[in-house]
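Here are a few exercises to work through with the model open beside you. Try each task before reading its solution.

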Amino acid sequence: MNTLSIENLSKHYGSKCALNKVSLTFTDGIHGLLGPNGAGKSTLMNIITQNIPFDKGGSITWNGKSTTDLGVKFRSVIGFMPQQQELYPTFTAERFVGYLAALKGIPSKEISTEVSRVLSLVELSDCANKKIGGFSGGMKQRVLIAQALLGNPKLLILDEPTAGLDPKQRVIVRRLISSLSKDKIIIVSTHIVSDIESIADKIIMIKSGEIIENGTVAELCQKTEKDGGTLEDLYMLRYGDDV
């Protein structure tokens, strides 16, 4: 069982507070990070992945050890799909994922096997030698998930993985994420309730840089203040002015 613990985490950009004393614990399973644009989701994910620093006074630990002290060892267990990432349209899926495998330090003799493995996981083996420029939006998202899976990370972070997809493509990506959750922590950032309602073990709602709800779907639905309330009802209750 893996554990990622965040304690008293804050982040300021000048006078703007993006995160305010956030404390969370993640264990193996799918954790949905839910909130409208600007709520602090991407900031939190970029701090966890060590792409940006956090303010003094907070801490992040991985299995009981400071991620700052672990440094490269911690980054080696992370698979990250950022919200915005450029794809090379003239590259084939195989070449693109292989290029990122090399950047991640996977030994050259293992790259071919590893690329085949992750493309198979996202069901793109048949398209491995096709150029990404001809892919649908859903296929491109699966390519990005494939690169995040390189090295079999124990912490998988997906920032808005269904952004811009139609309903059918969102279902495909959602099912893919669900199939990956056996032995790793998966954090999925989204502002779309349906993307995580059926697959997340825990839901975390964030607003203006603060955690406002944290629990299972069943637990959160009890807070909708009406019988038979849904997670979408709670979302509208908590974010009505922001959506």
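## Exercise 1: An aromatic cluster

Arginine 95 lies over the face of phenylalanine 91, 3.8 Å from the ring centre. This is a predicted model, so please read each value as computed from it.

**Task.** Classify the ring pairs that phenylalanine 91 forms with tyrosine 88 and with tyrosine 99.

**Solution.**

1. Start with tyrosine 88 and phenylalanine 91: their ring centres are 4.9 Å apart and their planes meet at 40°. Planes under 30 degrees apart would count as stacked and over 60 as edge-to-face, so this pair is tilted.
2. Move on to phenylalanine 91 and tyrosine 99, with 6.4 Å centre to centre and 85° between the planes. This pair is edge-to-face.
3. Now place the rings in their setting: Tyr88, Phe91, Phe96 and Tyr99 form one aromatic cluster. The whole structure holds six aromatic pairs.

**Task.** Decide for tyrosine 88, phenylalanine 91 and tyrosine 99 whether each is buried or partly exposed.

**Solution.**

1. The cut-off for buried is under 20% relative accessible area, and partly exposed runs from there to 50%.
2. Phenylalanine 91 has 14% relative accessibility, so this residue is buried.
3. Tyrosine 88 comes to 36% and is therefore partly exposed. Tyrosine 99, with 37%, is partly exposed too.

## Exercise 2: The cores

**Task.** Find which residues touch the most other members of the largest nonpolar core, and which helix gives the most to this core.

**Solution.**

1. The core has 51 residues, and Phe96, Val97, Val143 and Ile203 touch the most other members.
2. Helix H6 (residues 137-148) gives the most, contributing six residues.
3. Apart from this core there is a second one of 25 residues, with Leu9, Met45, Ile47 and Val77 among them.

## Exercise 3: A helix and a strand

**Task.** Work out why the buried residues of helix H9 lie on the same side of the helix.

**Solution.**

1. List the buried residues of H9 (residues 231-239): Leu231, Leu234, Tyr235 and Tyr239.
2. Because they cover an arc of only 110° around the axis, they are on the same side of H9.
3. Their cover includes strands S3 (29-34), S9 (202-207) and S10 (210-215), as well as helix H8 (217-221).

**Task.** Describe what lies on each face of strand S6 and how S6 pairs with strand S7.

**Solution.**

1. Ile78 and Phe80 are buried on one side of S6 (residues 78-81), Gly79 and Met81 on the other, and both faces are covered.
2. S6 and S7 (residues 155-159) pair in the parallel sense over four bridges.
3. Within S7, leucine 156 is the bridge partner of glycine 79.

Methods:
Residues numbered from 1 in each chain as written. Predicted model: local features only at pLDDT ≥ 70, side-chain atom pairs only at ≥ 80, totals over all residues. Heavy atoms only, no water. Core = buried A, V, L, I, M, F, W, Y, C linked by side-chain atoms within 4.5 Å. Buried < 20%, exposed > 50% of the residue type's maximum accessible area, 1.4 Å probe, protein only. Helix = DSSP H or I, 4+ residues; strand = E, 2+ residues; numbered from the N terminus. Arc of directions from axis to C-beta. Contact = heavy atoms within 4.5 Å. Pairing = 2+ DSSP bridges. Phe/Tyr/Trp six-rings, centres within 6.5 Å; stacked < 30°, edge-to-face > 60°. Lys NZ or Arg CZ within 6 Å of the ring centre and 35° of its normal.
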